[in-house]
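Please open the model in your viewer and follow the selections below, beginning with the whole chain and then moving to a few aromatic side chains.

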Amino acid sequence: MTEPELQHIEQYRVPKAPDTVYYIPNFISKEEEKYLTQQVYGAPKPKWKQLSNRRLQNWGGLPHPKGMIAEKLPKWLEVYCQQIADLGVFRDLVPNHVLVNEYQPGQGIMPHEDGPLFHPVVTTISLGSHTFLDFYQHRGDASESAEDLRESKQESDSPSEDTVQHPILSLLLQPCSLLILKDHMYTSFLHGIAERTQDIVTDSVANLAPTDQMPGDRLERSCRISLTIRHVPKTLKMKLFGKR
């Protein structure tokens, strides 16, 4: 990361959160949000995978301990992977994997970690609706990655036994924002989204300042799409080239 990049990203650090969280409101424009939403819903139907509490698309390949068979990202995702890489948060790496999640009101995801299959940085662009991302302290060794949990448990409604039942803090993620998690916030905490249709802003929200919200505000959820953008270090030589 160059010095100008470091100075640019540091202004978005969330000081009330453990190391390290960056929250960038309006990372994309409303026009870009509309464009990305159109691309998500314009994807071939087989790209969607229906889970018990939401549906998702997997782009770039399926992460696996033995290595991911890389699939070339479509241009509409490649552009934003490069934009995030230009911030320097992945060092000299460019993200090569995007997980698209669709959350209807009342849907969420159990507390989990992204795990060792990924470079220890996770970035998320939010489209459509706000949500609250809750963080939990590890209790024991939660060794399964998010992808492992999706495949083996289908993201069941029950919280992990390795979590504290009450979050230690929350982040308010608004449409068009970019969230970056790294360091202890990646390795030492689990994160999840409660299954609610409405959120009440409290003092436990660590990033209130840039959101223009106040404790006591009630926020109704609508359909939210998240683009979780990461880098898988271990890939296999064989590659699948998809259509752009």
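**From the whole chain to its tryptophans**

Begin with a cartoon of the protein chain, in which 5 helices and 15 strands are assigned, and keep in mind throughout that this is a predicted model. If you colour the 244 residues by burial, 51% of them count as buried. Switching to a surface view, you are looking at about 11800 Å² exposed by the protein chain, of which carbon and sulfur atoms supply 53%. Among the contacts with a separation of 6 or more, 82% are accounted for by residues 24 or more positions apart.

Next, display the aromatic side chains, where the structure holds 2 aromatic pairs. Select tryptophan 59 and tryptophan 76 as one of them: their ring centres are 5.7 Å apart and their planes stand at 80 degrees, which is over 60, so the pair is edge-to-face. Because tryptophan 59 belongs to strand E3 (residues 55-59) and tryptophan 76 to helix H3 (residues 75-85), the pair ties together parts that are 17 residues apart in sequence. Tryptophan 59 has a relative accessible area of 9%, and is therefore buried; tryptophan 76 is likewise buried, with a relative accessible area of 9%.

Staying with tryptophan 59, add lysine 47 to the selection, and you will find lysine 47 over the face of the ring, at 4.0 Å from the ring centre.

Which charged end sits over the ring of tryptophan 48? Select arginine 55 to see: its charged end is placed over that ring, 3.8 Å from the centre.

Definitions and conventions
Residues are numbered from 1 along each chain as its sequence is written. This is a predicted model: local features need pLDDT of at least 70, side-chain atom pairs count only at pLDDT 80 or more; totals for chains, interfaces and linings use all residues. Side-chain values use heavy atoms; hydrogens and water are left out. Helices (H or I, at least four residues) and strands (E, at least two) are DSSP runs, numbered from the N terminus. Buried means under 20% relative accessible area, exposed over 50%, partly exposed in between (1.4 Å probe, protein chains only). Contact means heavy atoms within 4.5 Å. Accessible areas come from the Shrake-Rupley method with a 1.4 Å probe; for residues, only the protein chains shown count as cover. Rings of Phe, Tyr and Trp (its six-membered ring) pair if their centres lie within 6.5 Å; planes under 30 degrees apart count as stacked, over 60 as edge-to-face and the rest as tilted. A charge sits over a ring if NZ of Lys or CZ of Arg is within 6 Å of the ring centre and within 35 degrees of the ring normal.
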